[in-house]
Amino acid sequence: MVKKYSLNKEKIKVLLLEGIHKSATDFFLANGYTNIESLSYAPDEAELQEKVRQASIVGIRSRTHLTKELLQTAEKLFTIGCFSIGTNQVDGRIAKLMGIPVFNAPFSNTRSVAELVIAECILLMRNIPVKNAAAHKGKWLKSASNSFEVRDKNIGIIGYGHIGSQVSILAESLGMNVYYYDIVKKLSLGKAVACSSLEELLAVSHIVTLHVPETQHTRKMIGERELALMRRGSCLLNLARGSVVVIPALVEALKSGHILGAALDVFPEEPTSNNDPFISELQQFDNVILSPHVGGSTMEAQEKIGTEVAEKLVHYSDTGSSIGATNFVQISLQPNRNVQRFLHIHKNEPGILKEVNYVFTSKGINIAAEYLQTDNDIGYVIIDTDSKLDSTILPELKSIEGTIRVRMLF
Ligand code: NAI
């Protein structure tokens, strides 16, 4: 009879930093991971190194940087969770070369951003920021001029991905006409109309809202030329990335009145902490809503991010499934409880897989299933066996030249 082995989860140290939502801890606990240390702050370099050195799973938000130097001291670490959208804070390539997949939460805060976009559309179209600023200074600007309903207005969405498409649904439910432009062909939701060019979208929209990633093509995507192509009296929203809009060009367009109002949540230069000052040429305009990169920052999003990333980390730890990893070859697997499972991550060099297989065949162990994915740098093979465990397998797999990391599950 095949003996069943179980993952010794109490030994797997989970380190969660920067006040990651309790939903993550709850998820780990519910799945048998009891060895959890959760810190409310981002540790300094020395403390971080010491803590990470002892951890098998590390969860961070945006302030902790896992650099090459730090990762190289983390011998036990086998996966990293970025409880955020971005993963720039981790040296993903080095992590990959060390056999460490990095996971993130690409759409847990999508709805939060979309809701803020809709709120800002309404506020800008009603010219509320100007009236609000005046009221704070004791002025009473009771007037309907420059105040419009959003119903029947055209909203132009640049980037029809997770956020853009949610904005589309919400805007349409308010009676807006939705136009969008994306470099990838997308399924139009509801009555949304795809524009064949950015220029077409700019010309038709009363409100233009940006939801593109930062790429070489989106950097400075909205400059003097594009602003001039927008309708006179239209509004611009950027809750995507600070580099997408050329701020001096926007300043001129606002000064001339060509652009009636704007909302910006992201900036080319952003303070690194709440203690640093925020300086922008846009501070001179009452008709510009400025927010400190909080588009996705809601309690609901934090909770969802906690669960989403913890779920991916647990799934990887339990089954070896790397699906959703941002830096790694992708294998999607469910647990198979009747077998032992070996995870072998190696340099993508000829002959290694043959040697891995030889470890099993030379012992007469039947390989029940084998899954392999490679990229230019690494190979990741998952092997399920249905024989009695031989304690020499693990060290033999580890000793194969080119091996990066080996784990045994169940
Ligand atoms: P996504 O990847 O789901 O969608 C991006 C879309 O932009 C894709 O459909 C893509 O094909 C399209 N795209 C890429 N290059 C383009 C180009 N040159 N022209 C037109 N379309 C282009 O991303 P998601 O989740 O919708 O996020 C969008 C942006 O929002 C990202 O920049 C992200 O950093 C930002 N964001 C901001 C937050 C905040 O707090 N303000 C929170 C979450 C995301």
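Strand β14, residues 367–374, and strand β15 pair in the antiparallel sense over 7 bridges, and I would like to start there, with the reminder that everything I describe comes from a predicted model. The link between these two strands is a hairpin, which joins β14 to β15 through 3 residues. On its other partner, β15 pairs with strand β13, residues 340–347, again in the antiparallel sense and this time over 8 bridges.

If you want one residue to hold on to while you look at this region, take D384 in β15, since A369 stands opposite D384, and D384 is also the bridge partner of R341. As a general point, strands of a sheet pair through backbone hydrogen bonds, either parallel or antiparallel.

How many of the residues of β15 are buried? The strand covers residues 378–385, and 8 of its 8 residues are buried. Taking the two faces in turn, I378, Y380, I382 and D384 lie on one side, while G379, V381, I383 and T385 lie on the other, and both of these faces are covered.

Let me step back to the whole chain for a moment. The secondary structure comes to 13 helices and 16 strands, and the C-alpha trace spans about 85 × 45 × 35 Å along its principal axes. Of the 410 residues in the chain, 49% are buried. If we take the contacts with a separation of 6 or more, 66% of them are accounted for by residues 24 or more positions apart.

Now to the other end of the sequence, where there is an open sheet of 5 strands in the order β2-β1-β3-β4-β5, with parallel pairing. The strands at the edges are β2, at 36–38, and β5, at 102–103, and each has a single partner strand, so one side of each is left without a neighbour in the sheet. Further in, strand β3, residues 57–60, and strand β4, residues 79–82, pair in the parallel sense over 4 bridges, and one example of that pairing is I60, whose bridge partner in β4 is C82.

Which helix lies across β3, β4 and β5? That is helix α11, residues 299–319, which runs at about 170 degrees to β4.

Helix α11 also meets helix α1, residues 22–30, and the axes of the two come within 7 Å and cross at roughly 30 degrees. With angles under 35 degrees counted as roughly parallel, α1 and α11 are therefore roughly parallel to each other, and their crossing is right-handed. From α1, the residues involved are S23, A24, F27 and F28, and they meet Q302, E303, G306, T307, A310, E311, L313 and V314 in α11. By class, the residues of this contact divide into 6 nonpolar, 4 polar and 2 charged.

Staying with α1, the buried residues there are S23, A24, T25 and F28, and what covers them includes β1, at 14–16, together with β2, β3 and α11. Just after this helix, G32 takes a positive phi of about 90 degrees.

A second pair of helices is worth setting beside that one, namely α5, residues 110–125, and α7, residues 162–173, whose axes come within 9 Å and cross at roughly 50 degrees. At that angle α5 and α7 are therefore oblique to each other, and the crossing is right-handed. The contact is made by T110, R111, V113, A114, E115, V117 and I118 of α5, and by H162, I163, Q166, V167, L170 and A171 of α7. Sorted by class, this contact has 8 nonpolar, 3 polar and 2 charged residues.

I have two shorter stops before I finish. In strand β11, residues 259–264, 6 of the 6 residues are buried, and 5 bridges join strand β10, residues 234–238, to β11, the two running parallel. Within that pairing, the bridge partner of C235 is G261 in β11.

The last stop is A46, which is found in helix α2, residues 45–54. Is A46 buried or exposed? It is exposed, because its relative accessible area is 60%, and exposed here means over 50%. A46 and L70 are 24 residues apart in sequence, and from C-alpha to C-alpha they are 9.8 Å apart in space.

How values were computed:
Residues are numbered from 1 along each chain as its sequence is written. This is a predicted model: local features need pLDDT of at least 70, side-chain atom pairs count only at pLDDT 80 or more; totals for chains, interfaces and linings use all residues. Side-chain values use heavy atoms; hydrogens and water are left out. Two strands pair if DSSP finds at least two bridges between them. Contact means heavy atoms within 4.5 Å. Axes are lines fitted to C-alpha atoms, for helices over the stretch in contact, and angles run from 0 to 180 degrees between N-to-C directions. Angles under 35 degrees count as roughly parallel, over 145 as roughly antiparallel, 65 to 115 as roughly perpendicular and the rest as oblique. A crossing is left-handed if the near helix is turned anticlockwise from the far one by less than a right angle, and right-handed if clockwise. Ala, Val, Leu, Ile, Met, Phe, Trp, Tyr, Cys and Pro count as nonpolar, Asp, Glu, Lys and Arg as charged, and the others, Gly among them, as polar. Buried means under 20% relative accessible area, exposed over 50%, partly exposed in between (1.4 Å probe, protein chains only).
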